[in-house]
Amino acid sequence: KSFKKVIIVTGGAGFIGSHVVRRLVTRYPEYQVVNLDLLTYAGNLENLRDVEAAPNYQFERGDITDESGMTALFEKYPVDGVIHLAAESHVDRSISDPLQFVKTNVLGTANLLNVARKAWKNNFDGKRFYHVSTDEVYGSLGESGFFTEETAYDPRSPYSASKASSDHFVMAYYHTYGLPVVMSNCSNNYGPYHFPEKLIPLMIHNIMKEKPLPVYGKGENIRDWLFVEDHAAAIDLIFHQGKTGDKYNIGGFNEWKNIDLVMLLCEIMDRKLGREEGASAKLITYVTDRPGHDLRYAIDAAKVNRELGWAPSLQFEEGLERTVDWFLANTGWVEHVTSGAYQKYYQEQYGSH
Ligand code: NAD
């Protein structure tokens, strides 16, 4: 069967990538969607169980840092577009193992750009390389102000430094070789399939199990939160309509102090679990702050709204309710992804490809 377009989504088995793959596979049956993922601890094919049988979906296991592997992938598929999400994504892990972040995020991105440029033989008609990045590249804000697309980069953690570097390589390939790139920088995502080491799913999980709820410092850090399906919708829109060589900030217009967010989650969970009011909040324990913990991130998403008409579709309370409901209905998922049981099962079922 021939497809109108072939799109490689890297990191498609991860949290955001799986929502992007699901959206493309279901909305665009005329596209072939190839999910390229190494299946590290963060990648789980179980996230895509509902679409894995679709005729326009294909999984390929591979490493973005592997030059010959990525070249072979571009030889196997007539690739029109890349949506690049594969990365190491957890700030705490970047503090304990920074070089892994340099390898995957910097070298991996540069390798993909290079392989794409060579495979496309400098003929970029109808091609597009979309790089998905974070607002953390902008550094930290005080009490006021917002990050715009013009804000100078000022990364503070090994994670954000590696993402900032990858963003620079993307723009360098645009300016130097004319590679048709587009990029977005998004605030914190939350929603179904969120790996349980991150704040919101960790809190939901611990509240369920009545385990302590670790909050960094005094819980004063402020983050902007966006429902993951709204991010996937923005990526879809920018991939199709974003201006080549341009970048777009994506955010939820939704700032929360960590402690207020945890309190809100406790209230929702008390209600859902039929616990006494205030029961879950008693589990909160303050732990030593993360070193170099950025105080506040706030993103100005006016450009993507003005130029492409994107806006978040969900209120935060509604998004959180949906997220909590999903985690309560999918307790088996958390157990599988943390034990790696599904990956083992899948390999036994299907081999490594
Ligand atoms: P994630 O950790 O859930 O998923 C990352 C995926 O990449 C996993 O499936 C993993 O197996 C895969 N991967 C890792 N190394 C690889 C390699 N060498 N080759 C191929 N695949 C590899 O991450 P996420 O939270 O879904 O984030 C996806 C992207 O979005 C990242 O680039 C991240 O920087 C960016 N981002 C995330 C957020 C957020 O709140 N989570 C916000 C803004 C931007």
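## A question to start with

Is Tyr193 buried or exposed? Tyr193 is buried, because 24 other C-beta atoms lie within 10 Å, and 20 or more are enough for that label. Please keep in mind as you read that this is a predicted model.

## The protein as a whole

Let's step back and look at the overall build. The protein has 12 helices and 12 strands. Its C-alpha trace spans about 60 × 50 × 40 Å along the principal axes. The radius of gyration is 20 Å, which agrees with the value near 20 Å for a compact globule of 353 residues.

Of the 353 residues, 42% are buried. If you consider contacts with a separation of 6 or more, 82% of them link residues 24 or more positions apart.

## The seven-stranded sheet

A good place to start is the open sheet of seven strands, whose order is 3-2-1-4-5-6-10 and whose pairing is parallel. Strand 3 (57-61) and strand 10 (247-250) are the edge strands; each has a single partner strand, so one side of each has no neighbour in the sheet. From one strand to the next, the twist averages 20°.

Two helices can be placed against these strands. Helix 1 packs on the sheet and touches strand 1, strand 2 (31-37), strand 3 and strand 4, with its direction at about 165° to that of strand 2. Helix 5 (residues 158-177) lies across strand 5 and strand 6, and runs at about 155° to strand 5.

## Following strand 4 and its partners

Strand 4 (residues 81-84) is worth tracing in your viewer. Which of its residues point one way, and which the other? Gly81 and Ile83 point one way, while Val82 and His84 point the other way, and all are buried. This fits a general pattern: in a regular strand the side chains alternate between the two faces of the sheet.

Strand 4 pairs with strand 1 (residues 5-10) in the parallel sense over four bridges, and here Thr10 stands opposite His84. Strand 4 also pairs with strand 5 (residues 128-134), again in the parallel sense and over four bridges. In that pairing, Ile83 has Tyr130 of strand 5 as its bridge partner.

Further along the sheet, strand 6 (residues 181-186) runs parallel to strand 10, and four bridges join the two. Met183 stands opposite Lys247 in strand 10.

## The three-stranded sheet

There is also an open sheet of three strands, in the order 7-9-11 and with mixed pairing. At its edges stand strand 7 and strand 11 (255-257), each with a single partner strand, so one side of each is left without a neighbour in the sheet. On average, neighbouring strands of this sheet are turned by 50° against each other, direction ignored.

Strand 7 runs parallel to strand 9 (residues 222-227), and three bridges join them. Asn188 has Trp225 of strand 9 as its bridge partner.

## Around the ligand

Which residues come nearest to the ligand? Of the 30 residues around the ligand, the nearest are Gly11, Gly14, Ala42, Gly43 and Ala87. The shell divides into 13 nonpolar, 14 polar and three charged residues.

Some elements that we have already met take part here. Strand 5 and strand 7 (188-190) each supply at least two residues of the shell, as do helix 1 (15-27) and helix 4 (98-119).

## Loop residues to look at

Now back to Tyr193, which is found in the loop between strand 7 and helix 6 (199-208). Tyr193 has a positive phi of about 70°, although it is not a glycine. Asn122 is not a glycine either, and has a positive phi of about 60°. As a general point, most residues other than glycine have a negative phi. Asn122 is found in the loop between helix 4 and strand 5. Asn122 counts as exposed because it has 9 C-beta neighbours inside 10 Å, and the cut-off for exposed is 12 or fewer.

Tyr41 lies in the loop between strand 2 and strand 3. With 13 C-beta neighbours inside 10 Å, Tyr41 counts as partly exposed. The C-alpha atoms of Tyr41 and Val334 are separated by 12 Å, and these residues are 293 residues apart along the chain.

Technical notes. Residues numbered from 1 in each chain as written. Predicted model: local features only at pLDDT ≥ 70, side-chain atom pairs only at ≥ 80, totals over all residues. Pairing = 2+ DSSP bridges. Near = placed C-beta within 6 Å. Nonpolar A, V, L, I, M, F, W, Y, C, P; charged D, E, K, R; others polar. Rg over C-alpha atoms; globule rule 2.2 N^0.38 Å. Contact = placed C-beta atoms within 7 Å. Axes fitted to C-alpha atoms, helices over the stretch in contact; angles between N-to-C directions.
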